[in-house]
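Thanks for making time this morning. I would like to take you through a few local features of one chain, and I will try to keep to what the coordinates can support.

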Amino acid sequence: MSRTPEVGTGMGGWSGSLRSLFGAGTLAGLSDGQLVERYLLSRDGGESSAIEAEAAFAAIVDRHGSMVLNVCRTILGDRHDAEDACQATFLVLASRAGSIRRGESVASWLHGVARRIASRARRDLARRREQERRRLERIGPPDEPTAPPPSDLFPELYEELDRLPEPFRAAVVLCDLEGHPYDRAAGLLGCPIGTLQSRLARGRDRLRKRLERRGLGPAMLAIGSAPPPIPRALASALVRGALSIGGSGATAAAPAVVAAMAGAELRRQIMRRIATVGMMFLTAGLTTAAVGLGSIGGGEEVGQATRKSSPTPRNDPAGVRILVVDLDGKPVAGIAVEVHQGDRPGSFATDADGHATIPRAVVGEHGFLIARRGNSLAWAWPQHRGKVDPLPMQLMPIDRRLEGEIFDWAKRPLAGIRVRAYAFSHRDNGTLPDAPELFEAILPPAVTDADGHYSMRAPRDSFVTYRALHPRYVGPWIVARPDSRDLATTTLEPAGGIAGRVTDAATGRPIAGASVGAGLIEHHPRFFGCNGEATTNDQGRFFVGGLPPGVYNVMLRQVPGRPHAAAAAVECLRVRPGADTEADLVAIEGRPIRGVVLDRDTGKPVPGTLVGCYGPARPLSSGEVGEQRTDDQGQFAFYVPPGEQHIYCMYGYGNSRLDHKVILVPEQGKVEPIRLLLRPQGPMTPQPPAAVAKAAVPQPAPAPAPPVAPKAEVAPNPNPAPETRTVTGHVRDPHGRPLGGIHLWVPPENPGPIAERLQGVTASTDRDGLFIFPGLPREPIEIRMGHASDRNMPVNLPADRESVEWTFTPIPDPSNSGPPKAVDEPIPPTLRNRLTFVDLDPLGNDFLADGPGGNGNDLNCLPRGIHKMGDTFFRIGEKMVHLKGRERPELPASVKGITVGARGRVLHFLHSTQGGTEDGKIVAVYVIHYADGTHEQAPVVYARDVTNWMHRDPGRPISRAIPAWTGPTDMTERQSRPGLMVRLFEMSWTNPHPEKAIASLDFLSKGNECDPFLVALTLEQD
């Protein structure tokens, strides 16, 4: 056990006293947040900065050290143990000061860390005492009775205090634990005294009720006196420990037990952060990244513990190797590991070393693993754990009791609300997705009683997300953090529902057992219930309840025994609170869309590509698409109702027309097979096409983030003006007809606070063209309206309007259009036999529909076929020859051997360049090879033969070549300023040897400033 060294000079010796003399007045006026910021900015910046960092941290210790020490002493009882826990608390502050959320009180943050560290140390001490007692019992009866453990009263007070909302907890800690007067506490929190007093009263009231629920009396709240000051020697040790963490050059090292305490808390904080975003890494790697405490003592002890529990890597390509261990890291033999993957479940037993190997075909793309023994549980989702071999699974006891309360909007308790787990995660086992039937078997759901109260069990140290389910109520996520014991009080709001019937189009009879889904096409960040599903009964009836108010699409997902059944979705239904909306679906046999995915560079089939389809059955606005993977021949098939269908490769982040087709499926007749050209870009990750992104409908994450901490309160205003408004209105087409499915959102072009506050929030019009957009500020704001297949349109919302009528003019979005069909323009008879059109497609390395700029900045609008451009005719194919430069350095520097095979007097080049350079510089060279083995060169000079293809009318002049074609791209069409276009140039080169046949031509890039590209080539004879 370590002991605090006695240092006579106090805070850092002589230099610390001198700094205190000159700097105390300045630091005393700073808030806690300013002190933390000064410490973070100064600790790594040299000697003078180190002095500033030490002074700032010393001021924090001076303010809050007594409170921290008192918390640790109350929980642990022993003075020396309390001082160790106090040192560990401030080591954590030094390491994690930057993680304190904006608006969070440093005092309440330190209180929570101190309570957790002390409580953890108290449990460890109790475990060691119990082990020692058992050892002595084996030896013989003890000579003297052991001393009773310290009182357990005040630790429960600190537990309940830690569960208060941040504003209330901060007020209670500053006033009741640290004894600050109201004006001082209000100054530290940056709020009026009245607001502080309101928070303090509400915090004390909540604390009293929680303590009474645990059977503790009001005497527990007699904590208003300030704690005794922290010893100077301990304060000095706290500051030196912080400087050793900060890397200021201090040589003081923390004792091993202090480092171990701090390391455990640091790991807990980082694991909690990772669990919040749904990503899990190996415990060993996190231990190293989180602590780094080997340099301040105790590192060897922590490292050994980590190595003991870490699995030994092994390579086994046959499948997914797992290792099941217990809480002590010991392998568990003979335990069954269940695989849950669609309709292919399996079970594999661990061997004597706790290992099991599961074939990858059984795990599949979305399979997850469960191991159960008694009341303990282990789980893993291999796809979310990276290439870990073997994959660890630690059995966690399901022994954590969680309690909560559910009320309605009028603060009345709600009985009969069902609460079930939606997702859970753990630092060692990772995260599991929503699996309702399995979760209910593992973690049985709870139902609220007449007081709105419920309780349930959860795995130890796990992060669990719950849903409150009821057909007439809806509410936010209920989140249990790893250290939670009580769940936040939840308020539910009235919900609506969708009722309907599914019938067969051919017979008119109801369809039983059909699966129906409802998807919200607006984004409501405060609700989890954005989607719902139901199964039809014997009369074909279904009901989807518990839906938040909004606009929905209703879709038929599947019919038992009819894999090709499909139905047009019922779109843009408005669901209102406390009411049911009717929606009927009619099932048909879907029409087949067949296609193949080919590698765009090699032309070979690409198996295993995830292909998506949206259209009448799966409207884009719902965020739900049909999907399947291509077979061994790269082929796929969808069965859909008639109408416009979008088929695309769900990969990467590209915006290519080559892997996205829009086709119109007729009610009768054959649907031609389609071809998607894919350029693989890393892992095949499902991604929507560009049209999906423009719809701006954010989708709920599989594991939702915890709720945001409550915002700071302000002093009450007797006649407050609402800060936001709910705007309602209608959107119609130019003929006055209502438009459903129009999305409205706040673009980032608005002022920063507006765009940030409303990021991801959307509204949509229903069948009547009605939209309801809540939470808009009372100031002028720009709103964007758009549809999946149309370009969005901006409208201005005045500051004083709460009701509007807008007209939306549909303009097809060019990014949804495919390449134009090749249509030949007639050639005059006098020229018809004198022109030779060179085919660039065999050696073309970029598609006009996707280049040269990519992401919609392309030549898709260039007409295909034979057309007059400039002074001659060119035949435009599907490809161009594109060379490297500053924009596309990965492209080739040359393309050689373009076949010509004819005589002629003039070569006409239709070309341009992406990017610019200085005038007169050679950017490319054409090398003309004759059949007799000789050659000539035709240099391409910037500002004479070519210039940057992007320009604003009228564009810069060019001395010799002529602009042959000017047109738009998707990017220029979206520009707010008119006149931005792209253009191609005709460069004519006179052949000095017209009597010789030209065999071939090479295209070479010169320099790295421009990306030259050749679109077409025509040879003209005499």
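What follows is a short walk through a helix, a sheet, two buried residues and some ring contacts.

Please keep in mind throughout that this is a predicted model.

Let me begin with helix H8, residues 182-189, whose buried residues are Ala185, Ala186 and Leu188. Looking down the axis of H8, these buried residues fall within an arc of 160 degrees, so they line one face of the helix. Just after H8 comes Gly190, which takes a positive phi of about 70 degrees.

Next, the sheet. Strands of a sheet pair through backbone hydrogen bonds, in either a parallel or an antiparallel sense. Here we have an open sheet of five strands in the order E3-E2-E5-E6-E8, and the pairing is antiparallel. The edges are formed by strand E3, at 346-349, and strand E8, at 396-397, each of which pairs on one side only. If you look at the E8 edge, you will find that strand E6, residues 376-380, pairs with E8 over two bridges, and that Ser376 stands opposite Pro397 in E8.

Further along the chain, I would like to stop at Val795, which has its place in strand E40, residues 790-797. Is Val795 buried or exposed? Its relative accessible area is 12%, and because the cut-off for buried is under 20%, Val795 counts as buried. Leaving aside neighbours within four places in sequence, Val795 is in contact with Ile781, Glu782, Ile783, Met785 and Trp806. As for Trp806, its C-alpha atom is separated from that of Val795 by 8.2 Å, with the two residues 11 apart along the chain.

Trp806 also brings us to the rings, since the structure holds 10 aromatic pairs. In one of them, Phe771 and Trp806 are stacked, at 5.7 Å centre to centre and with 10 degrees between the planes. This pair links distant parts of the chain, with Phe771 in strand E38 and Trp806 in strand E41, 35 residues apart, and both residues are buried. Elsewhere, ring pairs link Phe909, Tyr926 and Phe1003 into a cluster.

Charges sit over rings as well: Arg412 lies over the face of Trp409, at 5.7 Å from the ring centre, while the charged end of Lys996 sits over the ring of Tyr930, 5.3 Å from its centre.

Finally, Thr947 lies in the loop between strands E52 and E53, and at 1% relative accessibility it counts as buried. Beyond residues up to four places away in sequence, Thr947 touches several others, among them Ser912, Arg956 and Phe985.

Technical notes. Residues numbered from 1 in each chain as written. Predicted model: local features only at pLDDT ≥ 70, side-chain atom pairs only at ≥ 80, totals over all residues. Heavy atoms only, no water. Buried < 20%, exposed > 50% of the residue type's maximum accessible area, 1.4 Å probe, protein only. Helix = DSSP H or I, 4+ residues; strand = E, 2+ residues; numbered from the N terminus. Arc of directions from axis to C-beta. Pairing = 2+ DSSP bridges. Contact = heavy atoms within 4.5 Å. Phe/Tyr/Trp six-rings, centres within 6.5 Å; stacked < 30°, edge-to-face > 60°. Lys NZ or Arg CZ within 6 Å of the ring centre and 35° of its normal.
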